[in-house]
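User: Please take a close look at one part of the structure shown below, and then set that part in its wider context.
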Amino acid sequence: MKSLNLGILAHVDAGKTSLTERLLHAAGVIDELGSVDDGNTQTDSLALERERGITIKSAVVSFALGDVAVNLIDTPGHPDFIAEVERVLNVLDGAVLVVSAVEGVQAQTRVLMRVLQRLRIPTLVFVNKIDRAGAQYDLTLRAVSEKLSPAVIAMGTASGLGTQAASFDAFQFGDREFRSRLTELLAENDDAILAAYLDTTIRDDKLFAALKSQTGRALVHPMYFGSAITGAGVDALAAGIRDLLPPAPGDTDAPPAGTVFKVERGPAGEKIAYARMFAGTVRVRDRLRLRGGAEEKVTAINVFEHGSAVRRDAVLAGQIAKLWGLGDIRIGDPIGLPEGAAPESHFAPPTLETVVVPGQPSEKGSLHAALAQFAEQDPLIGLRQDEIRQEISVSLYGEVQKEVIQATLKDEFDLDVTFRETTTVYIERPTGIGTAFEKGGKDKDVNPFLATVGLRVDPAPVGAGIEFRLEVELGAMPYAFFKAVEDTVTETLQQGLYGWRVADCVVTMTHCGYWPRQSHAHQKFDKSMSSTGADFRGLTPLVLMSALKEAGTVVCEPMHRFRLDLPADTVAAVLPVLARLGAVPLTQTLEREVCLIEGEIPAAQVHALERQLPSLTRGEGALESAFDHYQPVRGEFPTRPRWDHNPLNRKEYLLHVQRRVSR
């Protein structure tokens, strides 16, 4: 049986979870349809999901469509939980993008479609809610074509919109208008179709084969209309999933290759890893090499089949399974892949942060342990411990995440917490080149470390991240010391000259030196005479921050791209507010009585604009915004208090190191 790993994606409230229920019901996996409002759907299992009626964590269910075993992954639609979508994208063979026939194309819909197209994930579009008042066919079709992709082809027409009798009637290849539109669309990517279209009539089977091929290569996007509540159009969508989306490739006899996209804890606190296999086979009792070199044994496997996770002896290429026994596994870890093959990031990192405050000061240790476990399931929360102020900070995409963290800590760990005011996360970028060099062993008051380190900091292109290079021979000292320097560089750059994470730079090791293992005559190894990893971990921050200070950095703030639809007669009131908030309108278009303004706005001001917009536009203004880029801050740079023992202050830093060693 062929496998297909399918993602259901949408803007919040477009009807993803209801569509999942309908597909499961149509496939005979469930006897009764669950309801988001009633909190009894198959994929929303968390108490908070049922309470709020939104998906927070991705969930996997399976069903069969003919000879295709579909592993369907229901993803969150709220932008605060985009990290869950990020992880799922790395394991998909195809996707269904759900659009509301009432609300149309929304902000998150655009973000998702851009990423699906960039990754070339074969995608079908399903326009849901045709039974709801206000549902539109032509308007939605035009909006999808203009705002998402011109390469969409409606696979049928909808009638009775806005009523319980709304239905979807699939086009046949004999329909001349449909055939003409489809052929013209396919001919844009296929010269053979174009030649046949001009010279003669194309056979139905060739036209269908071309549609299947181009859908599988993400060149065209078949579009269906229907209702997840009434079931209209769902059979046609299911047929499209079965016939048009490509099944999972993979050789079961090849070496194992897969990736972990979700980690959760079982009833006994054990780690459970959700893994997609791209090639090979993993069996119970197999030992898997994890990132970092450690090997662990798989103790149990559940494979998703026929609506549930079934205990099996092995998981094959193309399948998704739950793996037990991998205590050190993390989200994004490869299975059998080279260590450098980490999944790329498709969305922007969180641009907000907050301090989590325990209800009782004595619970700080328990809070840190609980948040560390929470970070296993969502690494992008960026858990940070401020050693100096004894505070714990986390990164956020939005305010709804606070509610999830708060509810989870209460329900699962019995911890009551509050939050400080949410603040914007800035970054620093080097503006020049800086070098620094320190040789140990001469003056212990100046450099008490038995290590020599020289580093150079260079700016890197925007988006390049942090790169560590060597200008010394790899055999010049033990590899463990190079590794200690590299790891410490990454850790130290979490706080630059102004306290923000340093991005987009190359750090090159220009000098190195160490003291070999030594001892006094006929005695054991004496680490006071020999270099250890601690020497390099202690010296590297001093050298790196000196080089960074010489290079200089600029603080950059996150900027959102915004789209603002508002009544034309309210533009005069809105433009001054945009100016006060630091927004820069780039284009302004007038259509009938509606004005469309597109531009850039600092992320820190988006919520302020959202609050003021209703009163400025009589409640008719609609704002869409999403992170776009970082740009240098104008005026005085904002600073963040340091949570480490400041390597920029040599005396303070060395006192901290001495105290740590003496303990």
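In which helix is Lys651 found?

Analyst: Lys651 is found in helix H16, which runs over residues 650-662. Helices here are DSSP runs of H or I with at least four residues, strands are E runs of at least two, and both are numbered from the N terminus. The model is predicted, so local features need pLDDT of at least 70 and side-chain atom pairs count only at pLDDT 80 or more, while totals for chains, interfaces and linings use all residues. Residues are numbered from 1 along each chain as its sequence is written, and side-chain values use heavy atoms, with hydrogens and water left out.

Lys651 counts as exposed, at 65% relative accessibility (exposed is over 50% relative accessible area, buried under 20%, partly exposed in between; 1.4 Å probe, protein chains only). In sequence, Lys651 lies 205 residues from Val446, yet the C-alpha atoms of Lys651 and Val446 are 9.2 Å apart in space.

The protein as a whole also pairs residues from distant places in sequence: of the contacts (heavy atoms within 4.5 Å) between residues at least 6 apart, 72% join residues at least 24 apart. Its secondary structure comes to 16 helices and 34 strands. Of the 663 residues, 52% count as buried.

Helix H9, residues 234-244, shows how burial is arranged along one helix: its buried residues are Val234, Leu237, Ala238, Gly240, Ile241 and Leu244. They lie on the same side of H9, because they cover an arc of only 165° around the axis (the arc of the directions from the helix axis to the C-beta atoms).

Salt bridges are a further set of links. Side chains of opposite charge can pair when their charged atoms come close. With a salt bridge taken as a side-chain nitrogen of Lys or Arg within 4 Å of a carboxyl oxygen of Asp or Glu, the count comes to 24. In one of them, the side chains of Asp204 and Arg179 meet at 2.7 Å, N to O. Asp204 lies in helix H8 (residues 204-216) and Arg179 in helix H6 (residues 176-187), so this pair ties together parts that are 25 residues apart in sequence. The two partners sit in unlike surroundings: Asp204 is partly exposed, with a relative accessible area of 39%, whereas Arg179 counts as buried at 17%.

Asp205 has a salt bridge with Arg203, at 3.0 Å from N to O, and Asp205 is partly exposed at 45% relative accessibility. Another bridge joins Arg312 to Glu305, with the closest N and O atoms 2.8 Å apart; Arg312 is partly exposed, at 35% relative accessibility. Glu353, Arg384 and Arg640 are linked with one another in a network of salt bridges.

Confidence is given by pLDDT, the predictor's score for each residue from 0 to 100. The protein averages 85, and 88% of the residues score at least 70. Over residues 338-342 pLDDT stays under 50, and for this stretch the model has 4 contacts beyond four places in sequence.

To return to the part asked about: Lys651 in H16 is an exposed residue, and its C-alpha atom lies 9.2 Å from that of Val446.
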